[in-house]
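User: I would like to go through this structure and ask, label by label, what each one rests on. Please set the values against the cut-offs.

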Amino acid sequence: MIKKLLVANRGEIAVRIIRACRELGIKTVAVYSSADKDCLHVKLADEAFCIGPAPSAKSYLNRTALITVGLSTGCEALHPGVGFLSENAEFAREVEKSGMHWIGPDASVIEMLGDKVQARATAQKSGLPVTPGSDGAVKNAEEGAKIAEKCGYPVIIKAASGGGGKGMRIVRKKEDLAENLTIASAEALANFADGTVYIEKYLVDPRHVELQILGNGKGAVAVLGERDCSVQKNHQKLIEESPSPGVSDKMRENMCRGAVNLFSSLKYRGAGTIEFLVSGDNFYFMEVNARIQVEHPVSEMVTGTDLICEQIRVCTGEKMNLPSGILPVKGWSIEARINAFTPGLIKNLRVPGGNGVRFDSFLYQGYTVVPFYDSMTAKLIVHGQNRKHAVQKLLCALDELYIEGIKTNTDEQKLILNSPKFQSGNFGTGLYAELFPPK
Ligand code: ADP
């Protein structure tokens with residue numbers, strides 16, 4: 001086993017990685033921006049180095065600084081976490097070249113999956129259905145109009161290199177297509193340095209379902225159940241659960257079969273997620289996220305595994321601890337993201353606990369939440385015997401959680417969990433807008 005690892009991220013995910021490393025007996029080196037000097041990950045790591053000012057472009061995205069810190073401190077691996085450089089193939093290549101292990105799949109695999117157009121084609125080859133739409137980049141408005149006509153309005157224009165729910169435009173009638181293609185392409189170019197866009201049929205109120213995968217890099221693939229992430233605000237996930245209340249055994253089997261084919265053919269290494277949209281009895285491949293995801297804890301709870309430990313093991317040449325194939329799941333797990341509406345000083349913090357209650361966060365009393373990064377401050381995760389039990393447990397835990405000093409979305413989360421529609425399990429990605437109609 002390696003002895004030292006560089007954590008190339010901040011906040012909650014950095015804390016999570018450090019905890020996993022401690023369990024594995026691996027020393028950790030943290031990096032931070034000058035705005036993050038008091039962040040919990042800095043306090044928990046064995047060593048910590050400031051790599052630049054607050055803007056992430058000058059700190060957490062500074063590839064040279066990250067590699068320099070890693071090498072000069074004797075790190076044998078680099079964990080990119082989520083966001084930032086976690087799906088940057090060029091950086092993955094630089095890390096591997098430097099002699100450190102990259103905690104993620106091979107750079108060529110990231111590259112292929114990062115291009116959503118190419119990923120769609122590869123998924124189709126593995127026997128997975130994709131949303132009706134352009135089978136490649138849309139070259140011009142004329143071609144776009146033909147594709148949109150064929151799949152039927154509404155359609156959604158997406159950036160080939162997009163992510164985080166950004167760069168998507170819904171078009172409801174043909175008169176609006178040409179203009180939206182131009183805008184979407186310009187936005188994609190500005191945000192992702194790639195103006196390539198493609199078109200998909202826009203499904204009304206689908207479910208978002210994804211599978212958690214772990215691959216050993218040699219073709220063996222374990223599936224750690226599915227997650228349902230249909231509770232979304234502006235295409236951003238808010239509540240995630242495992243299993244999904246809207247997937248039949250037959251659909252799960254078909255999803256898993258295609259996913260295993262795909263990941264096995266890629267000789268996928270480490271943790272990854274394959275995302276689908278589900279509409280009625282049909283499911284459609286959407287994309288692969290070639291990294292660990294924020295919502296990984298619900299999969300850990302129902303499968304009894306530590307995904308970060310496993311990820312580190314398989315990406316540093318250790319044997320995969322999990323059997324290949326579809327793992328059995330036990331009980332029900334739900335996660336609520338605790339997002340801050342405002343930055344500010346945490347004057348007081350009371351954290352819930354008890355059987356099957358987990359609070360993953362970087363908050364502590366006296367810490368000041370800074371405005372420069374992601375608004376997510378914590379994840380509250382519970383594990384119950386069944387869905388009803390898990391919902392009840394999460395509501396109790398949310399009631400117990402007390403964060404003084406910043407405004408968070410906990411009241412909103414309680415309203416969602418208490419709503420009859422959420423509790424029925426029968427809902428899609430439109431749930432949030434239904435409960436909180438835009439004013
Ligand atoms: P990103 O990578 O930016 O997160 P995704 O492709 O994963 O983007 O899509 C994010 C969300 O956008 C989905 O979970 C879903 O709610 C919505 N979405 C994406 N494609 C479609 C589609 N074809 N029809 C309906 N909703 C969609």
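User: Why is Ser333 called buried?

Analyst: The model is a predicted one. Ser333 has a relative accessibility of 0%, and buried means under 20%, so Ser333 counts as buried. The residue belongs to strand S15, residues 332-339.

User: What makes the pair Ser333 and Val382 a polar contact?

Analyst: A polar atom of the Ser333 side chain lies 2.9 Å from the backbone oxygen of Val382. The limit for a polar contact is 3.5 Å, and the distance of 2.9 Å is within 3.5 Å.

User: Why is Ala193 classed as exposed?

Analyst: Its relative accessibility is 68% and exposed means over 50%, so Ala193 counts as exposed. Ala193 sits in the loop between helix H8 (177-192) and strand S8 (197-201). Its phi is positive, about 55°, although Ala193 is not a glycine.

User: Which class does Asn234 fall into, buried or exposed?

Analyst: Asn234 has a relative accessible area of 65%; the cut-off for exposed is over 50%, and therefore Asn234 is exposed. Asn234 lies in the loop between strand S10 (221-233) and S11. Phi of Asn234 is near 50°, again a positive value in a residue other than glycine.

User: Why is Gly430 called partly exposed?

Analyst: Gly430 has a relative accessible area of 23%. Buried is under 20% and exposed is over 50%, with partly exposed in between, so Gly430 is partly exposed. The loop that holds Gly430 runs between helix H14 (420-424) and helix H15 (431-435). From Gly430 to Leu380 the separation is 50 residues in sequence and 23 Å in space, C-alpha to C-alpha.

User: How do you know that the length of helix H1 agrees with its number of residues?

Analyst: H1 covers residues 11-24, which is 14 residues, and at 1.5 Å a residue these should span 20 Å. The expected span uses one less than the number of residues. The end C-alpha atoms of H1 are 20 Å apart, so the two values agree.

User: What makes H1 mostly covered?

Analyst: Of the 14 residues in H1, 10 are buried. Among them are Gly11, Ile13, Val15, Ile17 and Ile18, and also Glu12 and Arg16. Just after H1 comes Gly25, with a positive phi of about 75°.

User: Why is strand S13 described as largely enclosed?

Analyst: S13 spans residues 282-289, and 7 of its 8 residues are buried, so the strand is largely enclosed by the rest of the structure.

User: How do you know that S12 and S13 pair?

Analyst: Pairing needs at least two bridges, and strand S12 (residues 269-279) has 7 bridges with S13, in the antiparallel sense. In one of these, Phe283 of S13 is the bridge partner of Val278. The hairpin has 2 residues between the strands, and in that hairpin Gly280 takes a positive phi near 60°.

User: What is the order of the open sheet, and which are its edge strands?

Analyst: Its 5 strands run in the order S3-S2-S1-S4-S5, and the pairing is parallel. Strand S3 (47-52) and strand S5 (101-102) are the edge strands, since each pairs on one side only. Within the sheet, strand S1 (residues 4-7) and strand S2 (residues 27-33) are joined over 4 bridges in the parallel sense, against the required minimum of two. Leu5 stands opposite Thr28 in S2.

User: What makes the bonds before Pro154 and Pro243 cis?

Analyst: Omega decides it. From Tyr153 to Pro154, omega is near 0° and the peptide bond is cis. Between Ser242 and Pro243, omega is about -5°, and that bond is cis as well. Pro154 lies in the loop between helix H7 (141-151) and strand S6 (155-159), while Pro243 is in the loop between strand S11 (236-242) and helix H9 (249-265).

User: How many cavities of 30 Å³ or more are there, and what lines the largest?

Analyst: The search of the whole structure finds 1 cavity of 30 Å³ or more. The largest cavity holds about 50 Å³ of space. Its lining includes Arg10, Phe362, Tyr367, Asp374 and Thr377. The lining residues divide into 7 nonpolar, 2 polar and 2 charged.

Conventions. Residues are numbered from 1 along each chain as its sequence is written. This is a predicted model: local features need pLDDT of at least 70, side-chain atom pairs count only at pLDDT 80 or more; totals for chains, interfaces and linings use all residues. Side-chain values use heavy atoms; hydrogens and water are left out. Buried means under 20% relative accessible area, exposed over 50%, partly exposed in between (1.4 Å probe, protein chains only). On a 1 Å grid over the protein atoms alone, a cavity is a set of points where a 1.4 Å probe fits but cannot get out, and a pocket is an open set with protein on both sides within 12 Å along at least five of seven lines; lining residues have an atom within 4 Å of a point. Grid points are joined across faces, edges and corners, and a volume is the space filled by probe spheres set on the points. Ala, Val, Leu, Ile, Met, Phe, Trp, Tyr, Cys and Pro count as nonpolar, Asp, Glu, Lys and Arg as charged, and the others, Gly among them, as polar. A polar contact is a pair of N or O atoms within 3.5 Å; within protein, one must be able to donate a hydrogen and the other to accept it, and residues adjacent in sequence count only if both atoms are side-chain atoms.
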